[in-house]
Amino acid sequence: MSTNDPITATNGANEETIAYTSPMATVTSTVPSWARWWRQVAFIPSLHNRWLTPTAQQQLNQAITEAEQGHRGEVVLVIENHLPISSARLQNSRDRAIEVFGDYRVWDTQDNTGVLVYLNICERRLEIVADRGINSHVMPTMWQAMCDKAIEGIKVNRHIDSLVALLGDVGQLLRQYYQLDNDPSGNEIADRMIFIK
C-alpha cells in the first residue's frame, strides 16, 4: 500500500492502522488475495470475539452516546467478525469500511459530519472513515494518531477501553469544530454499536 495514496494516512511500520481522510476520494484497487479469503473461511468467531459481551456492548453504546454530546456530528461504531466471504478475495477491510460507511448512511448527515469507526476482528484492522464536513478540518496525522493509540490497546487485549477512548477522542474532535449545545438536527443515527456477525 502506498503512503502517497490520497485517501489514506498509513504508519509505514505497521499497516494495521489506517485512517481515511475522505470516503469521496478515488479508491485505489485492492489486490485480489486468496490468503485473505481463506482467513475469512477459517475464522471461528467464538474464539476471537469473547471480549464483546453484552456488558461490553452496553459500555460501547454508552460511549457512543457520550461521544455525540455537544456537537452536530454523528459517531458510528461497526464491529464485524470477518469480511463477507463472497467478496473477501477482492475486498480488503479498507474497502469494506467504505462500503459500510455507505450502507449505514454515515455520509447522510445534515452537515456531512459523520464518522465511522470500523473494526474487523478477523483482519485485526481498525479503520476510520470521516465525511467531508469534519475531515476538511482534521489533518490525516490526527486520524492516524487516534488509530495508532486504539490499535496499541487492542493488541494487548484492551479492546473495550481502547474503543471507548477512541470514541471519546472522535467526540472531542467533533466538539472542537461543530460545537453546539442544542443540536437542531437531533440524533440522525442511533447511538448504538453495530455488530455484524
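1. The largest nonpolar core in this predicted model has 36 residues. Leu-60, Leu-77, Ile-79, Leu-126, Trp-143, Leu-163 and Leu-167 are the members that touch the most others. Six elements each contribute at least two residues to this core: helix H3 (54–67), strand S3 (74–80), strand S4 (114–120), strand S5 (125–130), helix H6 (140–155) and helix H7 (159–178). H7 gives the most, with eight residues.

2. There is also a second core, separate from the one above, with 15 residues. Ala-88, Ala-97, Val-100 and Val-106 are among them.

3. On the surface, Trp-34, Trp-38, Val-41 and Ile-85 make a nonpolar patch of about 430 Å². Val-41 lies in helix H1, which covers residues 34–42. Is Val-41 buried, partly exposed or exposed? Its relative accessible area is 36%, so Val-41 counts as partly exposed; the cut-offs for that class are 20% and 50%. A residue of a patch must have over 30% relative accessible area, and the 36% of Val-41 is given above.

4. The second largest pocket has a volume of about 260 Å³. Its lining consists of 14 residues, of which Asn-120, Ile-121, Arg-124, Ile-154 and His-159 are the closest to the pocket centre.

5. Which elements supply at least two residues each to the lining of the second largest pocket? They are S4 and H6. H6 gives the most to this lining, with three residues. Both S4 and H6 also supply at least two residues each to the largest nonpolar core.

Terms used:
Residues are numbered from 1 along each chain as its sequence is written. This is a predicted model: local features need pLDDT of at least 70, side-chain atom pairs count only at pLDDT 80 or more; totals for chains, interfaces and linings use all residues. Side-chain values use heavy atoms; hydrogens and water are left out. A nonpolar core is a set of buried Ala, Val, Leu, Ile, Met, Phe, Trp, Tyr and Cys residues joined through side-chain atoms within 4.5 Å. Buried means under 20% relative accessible area, exposed over 50%, partly exposed in between (1.4 Å probe, protein chains only). Helices (H or I, at least four residues) and strands (E, at least two) are DSSP runs, numbered from the N terminus. Patches are made of residues with over 30% relative accessible area and no salt bridge: like charges are joined within 9 Å, nonpolar side chains (Val, Leu, Ile, Met, Phe, Trp, Tyr) within 5 Å. Accessible areas come from the Shrake-Rupley method with a 1.4 Å probe; for residues, only the protein chains shown count as cover. A salt bridge is a side-chain nitrogen of Lys or Arg within 4 Å of a carboxyl oxygen of Asp or Glu. On a 1 Å grid over the protein atoms alone, a cavity is a set of points where a 1.4 Å probe fits but cannot get out, and a pocket is an open set with protein on both sides within 12 Å along at least five of seven lines; lining residues have an atom within 4 Å of a point. Grid points are joined across faces, edges and corners, and a volume is the space filled by probe spheres set on the points.
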